[in-house]
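Reader: I should like to learn how to read contacts, cores and pockets in a model. Could we proceed one feature at a time?

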Amino acid sequence: MNIKNYILIASLACACSSCELLQPNEIINPNVDEDTFLKTPNAMSTWVNGANRSFATIIGSYVELTEILSDNYFNNYSQSSKVFDFPTILYTDIDVTNLQRHVGTLRETAIQGLEVVAKADATTDEQRYNLYYIKGYSYLLAGEYFRALPVENGGEVKGWKENLNLAISTFTEALKFTSDTDETAFINTLIARAYYRLGNKVNAV
């Protein structure tokens, strides 16, 4: 690369560093404003659909990485961490960081739906049930796979047992919004899973 190319790249870097797109001071597009979204028709239905999409994607990531950690899969061709096979798990590993962020994404998406979107739009019991089990699942993942994680945005780190107990209480709350036998069985299975991890054999059974 000659000197002219270096000068061009440097000039572009300087121009981009002052670009408002990189450091926006205010929301320019009203279509992504929170207030605008909350006033749109069927805001809760849209929110729940997005929460379910995130849930499916995130569970897929957990399945992939936990399979790599196990003996079920030899990590030879994927782009995931190559040391997971040993297994070597470091908090600095990008895959570990992503797993932690996934927990927060599930939790905060559910909370936003239950506490903000629900106030702005008519919300059915089915939608509340849906969001409560996503919220509970975030605590379940936190308790099963990490020694400690925050239980609220910007909050203090809490131990795995506290996360599992929050999972149980949140799943129990979800049961208030459904009478469907399949949904009830699903939630009770998750509650049993949390009790199992806590070593509470009686309640797990």
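Author: Let us begin with a single polar contact in this predicted model. The backbone oxygen of D121 lies 3.0 Å from a polar atom of the side chain of T123.

Reader: Where does T123 lie, and which residues does T123 touch, not counting residues up to four places away in sequence?

Author: T123 is found in the loop between helix 4 and helix 5. Leaving out residues up to four places away in sequence, T123 touches M44, A118 and R128.

Reader: How many residues has the largest nonpolar core, and which have the most contacts inside it?

Author: A core of this kind is a set of buried nonpolar residues joined through side-chain atoms within 4.5 Å. Here the largest nonpolar core has 43 residues, and those with the most contacts inside it are Y137, L140, F171 and I187. Two or more residues of this core come from each of helix 3, helix 4, helix 5 (125–145), helix 6 (160–174) and helix 7 (181–198). With residues up to four places away in sequence not counted, Y137 touches F55, I59, F171, L190 and R193.

Reader: How is empty space found, and what is the volume of the largest pocket?

Author: Rolling a probe the size of a water molecule over the atoms shows where empty space is left. The largest pocket has a volume of about 240 Å³. Its lining comprises 14 residues, of which I89, V96, L99, Y145 and F146 are the closest to its centre.

Reader: Which element supplies the largest share of the lining of the largest pocket?

Author: Helix 4 does, with 3 residues. Helix 3 (43–69), helix 4 (94–120) and strand 1 (148–150) each supply at least two residues of this lining. By class, the lining of the largest pocket has 11 nonpolar, 2 polar and 1 charged residues.

Methods. Residues numbered from 1 in each chain as written. Predicted model: local features only at pLDDT ≥ 70, side-chain atom pairs only at ≥ 80, totals over all residues. Heavy atoms only, no water. 1 Å grid on protein atoms, 1.4 Å probe; cavity = no way out; pocket = protein on both sides within 12 Å on 5 of 7 lines; lining within 4 Å. Points joined across faces, edges and corners; volume = space filled by probe spheres on them. Helix = DSSP H or I, 4+ residues; strand = E, 2+ residues; numbered from the N terminus. Nonpolar A, V, L, I, M, F, W, Y, C, P; charged D, E, K, R; others polar. Buried < 20%, exposed > 50% of the residue type's maximum accessible area, 1.4 Å probe, protein only. Contact = heavy atoms within 4.5 Å. Polar contact = N/O pair within 3.5 Å; in protein donor to acceptor, adjacent residues only side chain to side chain.
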